[in-house]
Amino acid sequence: MMGAFALQTVDTELTADSVEWCPLQGCRHLLACGTYQLRRPEDPPADPQSKVMEVEEPRVRLGRLFLYNFNENNSTHPLVEVQRKDTSAILDMKWCHIPVAGHALLGLADASGSIQLLRLVESEKSHVLEPLSSLALEEQCLALSLDWSTGKTGRARDQPLKIISSDSTGQLHLLMVNETAPRLQKVASWQAHQFEAWIAAFDYWHTEIVYSGGDDGLLRGWDTRVPGRFLFTSKRHTMGVCSIQSSPHWEHVLATGSYDEHILLWDTRNMKQPLADTPVQGGVWRIKWHPFHHHLLLAACMHSGFKILNCQKAMGEKQRATVLPSNSTVELCISGLGFHQFLLHVFWGSLLCMFIILVSSDVATAATTRDCGVNPEEADSTFSLLATCSFYDHALHLWEWEGNGA
């Protein structure tokens, strides 16, 4: 029997659409939250004829970056804001899973078409994020997603640190990160999709390979050593492809999600047909593999809340993944028309591991920490914390959630 109980409500003021817990040891209690707000032009004048002479004011996408500290010993207000920083609207963010020059790095994809790097440094009270480097992808575009090449445990010392990003013009951008004096350098850009390239992601086992999904409904694979020449094109999804993640646990497993309300699991050695096709009753904006329960996949589904999929049989027997029972209290938050953005934050393993996802009908993201520092067999997967963030009241809600996720 599942149940959700409200623990705390935090006012985010603007709409939260991207969240990430820091995955590095000693900093896993820190949560970065990015926001997105569209400031519309002023109301038109009373005289309709005056519109002809009027130049339309461009829309401005505002954003703010929050840094929160989670204190599990504070039962009343466990989530405490330690920093806020105004910025361009944030579309995506991800922490690098390894320290760079001795610091944790956070990458942002923003509405000005830039990728920003911020460095986490200690402050008197907790930590703060300070600007480190920024690179404009293209003019007149929105940076829509980014992914680090360090998505799984272990990395060869001679393997360069890379970022792949996608934008609203359908392009992909490969960036290198100088680890000695961290700064961004563009290596290549190429046209990948006819419309918005919603998502780009690395193959964490073979980081010269990247995958992309676009509003044209295509899923594509690319070899970054030959930019612009795709390895394959799949039309298996029937609507825009919004989410892709290579499994950090299984070398050849890829998960994809689409507006068509289906999650597909693939063997990357044969991309003609998926291993499994699971309908989830909601457009899939983000998906994320569990950090240590290899068979669990968390999905952000527009208008139908979050879904947890057990992919064990899908991998072994090529059957449809099992959608585990979800919580109706959380699902009811996602309803109506227009913008509905919800942040689901799940702590797996009795606060020893953190798993985050953001659900939306417009813009959202998902993220997780990998290196939990615990034996997976000793982790308790029946207890979790959830947080929901709604568009209309700009509130971050923290919940206690109980249920069997195995």
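How many disulfides does a search of the whole structure find? The search finds zero. The model is a predicted one.

**Cysteines and core**

Two cysteines can be placed by their accessibility. Cys 242 is buried, at 0% relative accessibility. Cys 311 is also buried, at 0%.

Cys 311 belongs to the largest nonpolar core, which has 18 residues. Ile 263, Leu 265, Leu 297 and Cys 311 are the residues with the most contacts inside this core. Five elements give two or more residues to it: strands E19 (253-258), E20 (262-267), E22 (283-289) and E23 (296-302), and helix H1 (312-317). In soluble globular proteins, nonpolar side chains tend to be buried together.

Leu 265 shows how the core is joined up. Beyond residues up to four places away in sequence, Leu 265 touches Leu 254, Ala 255, Pro 274, Leu 275 and Ala 276, among others. Its contacts also include Trp 289, Leu 297, Cys 311, Ala 314 and Met 315.

**Cavities**

Three cavities of 30 Å³ or more turn up in a search of the whole structure. The second largest has a volume of about 90 Å³. Its lining consists of 13 residues. Nearest the centre lie Lys 94, Ile 199, Ile 244, Ile 287 and Lys 288. Strands E14 (199-202), E18 (241-246) and E22 each supply at least two lining residues. E22 also gives two or more residues to the largest nonpolar core. By class, the lining of this second largest cavity has seven nonpolar, two polar and four charged residues.

**A buried glutamine**

Gln 171 lies in strand E12 (residues 171-177). Is Gln 171 buried or exposed? Gln 171 is buried, because its relative accessible area of 15% falls under the 20% cut-off. Setting aside residues up to four places away in sequence, Gln 171 touches Glu 138, Ser 165, Ser 166, Ser 189, Trp 190, Gln 191, Ala 192 and Ala 197.

**Positive phi in loops**

Most residues other than glycine have a negative phi. Glu 13 has a positive value, and Gln 140 has a positive value too.

| Residue | Phi | Loop between | Relative accessibility |
|---|---|---|---|
| Glu 13 | near 65° | strand E1 (3-11) and strand E2 (15-21) | 33% |
| Gln 140 | near 55° | strand E9 (127-136) and strand E10 (143-148) | 78% |

Glu 13 counts as partly exposed, because 33% lies between the 20% and 50% cut-offs. Gln 140 counts as exposed, because 78% is over 50%.

Technical notes:
Residues are numbered from 1 along each chain as its sequence is written. This is a predicted model: local features need pLDDT of at least 70, side-chain atom pairs count only at pLDDT 80 or more; totals for chains, interfaces and linings use all residues. Side-chain values use heavy atoms; hydrogens and water are left out. A nonpolar core is a set of buried Ala, Val, Leu, Ile, Met, Phe, Trp, Tyr and Cys residues joined through side-chain atoms within 4.5 Å. Buried means under 20% relative accessible area, exposed over 50%, partly exposed in between (1.4 Å probe, protein chains only). Helices (H or I, at least four residues) and strands (E, at least two) are DSSP runs, numbered from the N terminus. Contact means heavy atoms within 4.5 Å. On a 1 Å grid over the protein atoms alone, a cavity is a set of points where a 1.4 Å probe fits but cannot get out, and a pocket is an open set with protein on both sides within 12 Å along at least five of seven lines; lining residues have an atom within 4 Å of a point. Grid points are joined across faces, edges and corners, and a volume is the space filled by probe spheres set on the points. Ala, Val, Leu, Ile, Met, Phe, Trp, Tyr, Cys and Pro count as nonpolar, Asp, Glu, Lys and Arg as charged, and the others, Gly among them, as polar. A disulfide is a pair of cysteine sulfur atoms within 2.5 Å.
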